[in-house]
Every structure is written in C-alpha cells, then in structure tokens.
Amino acid sequence: MTLETSLIDSALRNWRSNVDRAGKLFGNFSQEQLLQEVAPGKSRLIYLWGHLTAFNNALILLLGFGPRIHPELDLMFVSNPDWTVPTILLGEDLKIIWQETSEILWTGFSRLSVADWLQKHGAVSEEVFLRELHRNRFTVLLSRTAHIAYHLGQAKLWERVQM
C-alpha cells in the first residue's frame with residue numbers, strides 16, 4: 001500500500017465511521033426527540049440531520065457521481081434556518097434519504113483511484129484549480145467528514161444532557 005492509498009483509506013474509514021455513527025444516533029431518536037432544540041433557541045435535531053443529509057446529497061454532484069437525488073432538501077435545511085420553512089421531512093423520511101445518499105457516495109468513493117481523488121471537484125473551475133490544487137475531491141471528503149463530526153457532537157451533547 002502506498003502512502004497516498006493509505007491516506008485515502010484512512011480518510012474513507014473516518015468518513016464511514018462518522019456517517020454510520022450519525023445515521024445510528026439520529027435514526028434511533030423518536031420523532032418527538034428529533035423535534036427538540038439542541039439548545040434553547042437553537043436548531044432542532046431534525047434540522048441538524050436534514051442539514052447533514054442535504055450536504056451529503058450535494059456531494060453526489062460535487063464529486064461527479066451523478067445528479068443529486070433530493071435537491072429539495074436545500075430549501076428546508078440549507079438555504080433557510082430552522083423554523084422558517086413550514087414543511088420539513090419526518091425522521092423516517094430522512095433516515096431513508098440518509099441511507100440512500102450514503103450508499104451512492106460510498107459506491108462513488110470506491111470507484112475513485114488515487115489520481116481521481118486529486119482531481120478538481122465540481123464547484124471549482126479549471127483555471128482556479130490550476131492555481132489552487134488543494135481544491136480537490138480529497139479535501140472535500142476531509143472537510144465534509146469534519147462537518148458531520150461537528151453536528152454529530154452537537155447531537156451527542158443534547159443526548160447526554162437529556163440523561
């Protein structure tokens with residue numbers, strides 16, 4: 001195993017661990033729990049899960065794995081803060097979309113070579129990428145893994161306070 005392959009493998013294991021942990025934690029909350037605020041005046045757990053699901057769904061297009069399967073999530077969980085959109089999904093619906101999106105991403109990840117990971121992502125132009133080689137798929141994987149970990153930490157803190 002080369003150094004590059006080892007680094008990618010480690011990042012993918014970290015991604016998978018965070019996705020699995022978030023899916024299990026949020027997926028085990030009741031609908032009533034999901035409607036609770038993480039902290040007084042802050043977003044609800046359902047919003048955090050929807051937010052993560054929307055961002056993961058956006059990764060499908062960003063990394064070149066195909067079209068997004070649920071672009072409607074942006075309106076509910078990215079473009080608008082919690083409580084401002086009258087309709088959001090139920091936890092059961094998010095669970096299905098979370099699993100579906102995770103599978104598409106994992107399948108796409110497994111098809112990428114080391115060279116593919118170092119190619120530009122879909123939100124950067126060729127011109128910019130030539131100046132900023134760090135704007136690649138691998139750095140997107142790292143930043144989105146950290147994003148999941150951040151919101152997972154918020155949900156775990158809420159869970160701990162409830163005990």
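Visitor: Why is W158 called buried in this model?

Guide: The model is a predicted one, and in it W158 has a relative accessible area of 6%; the word buried applies under 20%, so W158 meets the condition and counts as buried.

Visitor: How many aromatic pairs does a search of the whole structure find, and what makes F29 and W158 an edge-to-face pair?

Guide: The search of the whole structure finds nine aromatic pairs. In the pair of F29 and W158, the ring centres are 5.3 Å apart and the planes stand at 80°; since rings pair if their centres lie within 6.5 Å and are edge-to-face if the planes are over 60 degrees apart, both conditions are met.

Visitor: Which parts of the chain does the pair of F29 and W158 link?

Guide: F29 sits in the loop between α1 (3–28) and α2 (31–34), while W158 belongs to helix α8 (residues 137–162), and the two are 129 residues apart, so that the pair links distant parts of the chain. The relative accessibility of F29 is 10%, which is under the 20% limit, and therefore F29 counts as buried.

Visitor: How do you know that W117 and F138 also form an aromatic pair, and where in the chain do they lie?

Guide: Their ring centres are 6.4 Å apart, which is within the 6.5 Å limit, and the angle of 85° between the planes is over 60 degrees, so this pair is edge-to-face. W117 lies in helix α6 (residues 114–117) and F138 in helix α8, 21 residues apart, and here too the pair links distant parts of the chain.

Visitor: Are W117 and F138 buried or exposed?

Guide: W117 has a relative accessible area of 1% and F138 has one of 16%; each value is under 20%, so both residues are buried. W117 and F138 also belong to a cluster that ring pairs build, together with W15, F65, W106 and F109.

Visitor: What makes the position of R16 one that lies over the face of W106?

Guide: R16 is placed over the face of W106 at 4.5 Å from the ring centre, and this distance satisfies the part of the rule that asks for the CZ atom of Arg to be within 6 Å of the centre.

Visitor: Which residues does W15 touch, leaving out those up to four places away in sequence?

Guide: W15 touches N56, L59, L105, W106, F109, L141, R144, T145 and I148 when those sequence neighbours are not counted.

Visitor: Why are R13 and D9 said to form a salt bridge?

Guide: A nitrogen of the R13 side chain and an oxygen of the D9 side chain are 2.8 Å apart, and because a salt bridge requires them to be within 4 Å, the pair qualifies. R13 and D9 both lie in helix α1, four residues apart, about one turn of the helix.

Visitor: What makes R13 exposed, and how is D9 described?

Guide: R13 has a relative accessible area of 57%, which is over the 50% limit, so R13 is exposed. D9 has 27%, a value in between 20% and 50%, and D9 is therefore partly exposed.

Visitor: How do you know that R131 and E127 form a salt bridge?

Guide: The N to O distance is 3.8 Å, and as this is within 4 Å, R131 and E127 form a salt bridge. Both residues lie in helix α7 (residues 126–131), four residues apart, and both are exposed.

Technical notes:
Residues numbered from 1 in each chain as written. Predicted model: local features only at pLDDT ≥ 70, side-chain atom pairs only at ≥ 80, totals over all residues. Heavy atoms only, no water. Phe/Tyr/Trp six-rings, centres within 6.5 Å; stacked < 30°, edge-to-face > 60°. Buried < 20%, exposed > 50% of the residue type's maximum accessible area, 1.4 Å probe, protein only. Lys NZ or Arg CZ within 6 Å of the ring centre and 35° of its normal. Contact = heavy atoms within 4.5 Å.
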